[in-house]
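Colleague: Could you take one spot in this model, look at it closely, and then walk me outward from there? I'd like one connected story rather than a list.

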Amino acid sequence: MSAATPILPSGHGALVSAAALAAAGIAAGTPDPAGGQIVRDAAGAPTGWLVDTAMDPVQAAFERSREALSPAERREILLTQVRLAGQEAISKGITTLHDAGTDFATIDLFRELAAAGQLPLRLYVMVGNESNERLARELPRYRTIGFGGNFLTVRSIKRMADGALGSHSAQMLAPYTA
């Protein structure tokens, strides 16, 4: 994949800042990890687009930075993200989103906001990022249809077994472009 390839962000890819690359220790000489790709420009410098396992060091750096925050600070950041994402979507005429792969803790926050009439968008949420054991134990109490005036529905599970076309990480029988 070239740096000029149009890419759609997904759970298989991430577009990150130069600061995030530095925090993760990703530089021009960093090799691509097994199962991932650090997309580079013509000079070999990372562009900030990371595919599949190449995202792992950035995720680890992000988790380390979160550990320094109090639970109240983490909650405030998440509330701000929900509010800003909602404002941006609504400004574009979007009133409903599908969230494909959310953990139980985030769903709890969505439920709290929906109950208070403060969820800015209607959400159809798929549970993800949870272990099979936790899913088996917790899923029945998270199934939700039309909660908070139809602002929150949770009734799907997201699991990934393969890559995606947008990040060029899907396993195909022949090479493909676009």
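Modeller: Sure. Let's start at K158, which sits in the segment after β7 (152–157). Keep in mind that this is a predicted model. K158 is partly exposed, because its relative accessibility is 33%, and that falls between the 20% limit for buried and the 50% limit for exposed.

Who does K158 touch, once its neighbours within four places in sequence are set aside? The contacts are A100, G101, M126, V127 and G128. Two of those, A100 and G101, belong to β4 (96–102), while M126 and V127 belong to β5 (122–127). V127 makes a nice example of a long-range link: it is 31 residues away from K158 in sequence, yet the two C-alpha atoms are 5.9 Å apart. Links across the sequence show up in the totals as well: of the contacts between residues at least 6 apart, 64% join residues at least 24 apart.

From V127 we can step inward. V127 is touched by I107, which also contacts T102, V125, Y142, L152 and V154, again leaving out residues up to four places away. I107 is one of the residues that touch the most other members of the largest nonpolar core, along with F110, L119, V125 and L152. That core has 15 residues, with at least two each from α4 (104–115), β5, α5 (132–142) and β7. The top contributor is α4, which gives 6 residues.

So what does α4 look like? Its 12 residues should span 16 Å at 1.5 Å a residue, and the C-alpha atoms at its ends are indeed 16 Å apart, so expectation and model agree. The buried residues in α4 are F104, T106, I107, L109, F110, L113 and A114. Their cover includes α3, β4, β5, α5, α6 (147–150) and β7. Just past the helix, G117 has a positive phi of about 70°.

One of those covering elements, α3, deserves a look of its own. This helix takes in residues 71–91, and its 21 residues should span 30 Å; the end C-alpha atoms are 30 Å apart, which agrees. V82, G86 and A89 are buried in α3. Viewed down the helix axis, the buried residues fall within an arc of 70°, so they line one face. The spacing helps you picture it: an α-helix has 3.6 residues a turn, so positions three or four apart point the same way. The buried residues of α3 pack against α4. After α3 comes G93, with a positive phi near 85°.

Now for the other side of the story. Apart from the largest core there is another one, with 11 residues, among them A14, I26, I38 and M55. Two of those names lead us to β3. A14 has L50 in β3 as its bridge partner, and I38 also has L50 as its partner in β3. The strands behind those pairings are β1 (residues 13–15), joined to β3 by 3 bridges and running antiparallel to it, and β2 (residues 36–40), which pairs with β3 in the antiparallel sense over 4 bridges. The hairpin of β2 and β3 has 5 residues between its strands, and G44 there takes a positive phi near 90°. As for β3 itself (residues 46–52), 6 of its 7 residues are buried, so the rest of the structure largely encloses this strand.

For contrast, take Q59, in helix α2 (residues 56–67). Is Q59 buried or partly exposed? At 42% relative accessibility, it counts as partly exposed. Its C-alpha atom is 8.1 Å from that of A24, although the two are 35 residues apart in sequence.

Stepping back, the chain has 6 helices and 7 strands, in the order β-α-β-β-α-α-β-α-β-α-β-α-β from the N terminus. Of its 178 residues, 31% count as buried. The accessible surface is about 10,700 Å², with 58% of that belonging to carbon and sulfur atoms. K158, where we started, is partly exposed, with V127 among its contacts, and V127 in turn touches I107, a member of the largest nonpolar core.

Note on methods: Residues are numbered from 1 along each chain as its sequence is written. This is a predicted model: local features need pLDDT of at least 70, side-chain atom pairs count only at pLDDT 80 or more; totals for chains, interfaces and linings use all residues. Side-chain values use heavy atoms; hydrogens and water are left out. Buried means under 20% relative accessible area, exposed over 50%, partly exposed in between (1.4 Å probe, protein chains only). Contact means heavy atoms within 4.5 Å. Accessible areas come from the Shrake-Rupley method with a 1.4 Å probe; for residues, only the protein chains shown count as cover. A nonpolar core is a set of buried Ala, Val, Leu, Ile, Met, Phe, Trp, Tyr and Cys residues joined through side-chain atoms within 4.5 Å. The expected span of a helix is 1.5 Å times one less than its number of residues. The arc is that of the directions from the helix axis to the C-beta atoms. Two strands pair if DSSP finds at least two bridges between them.
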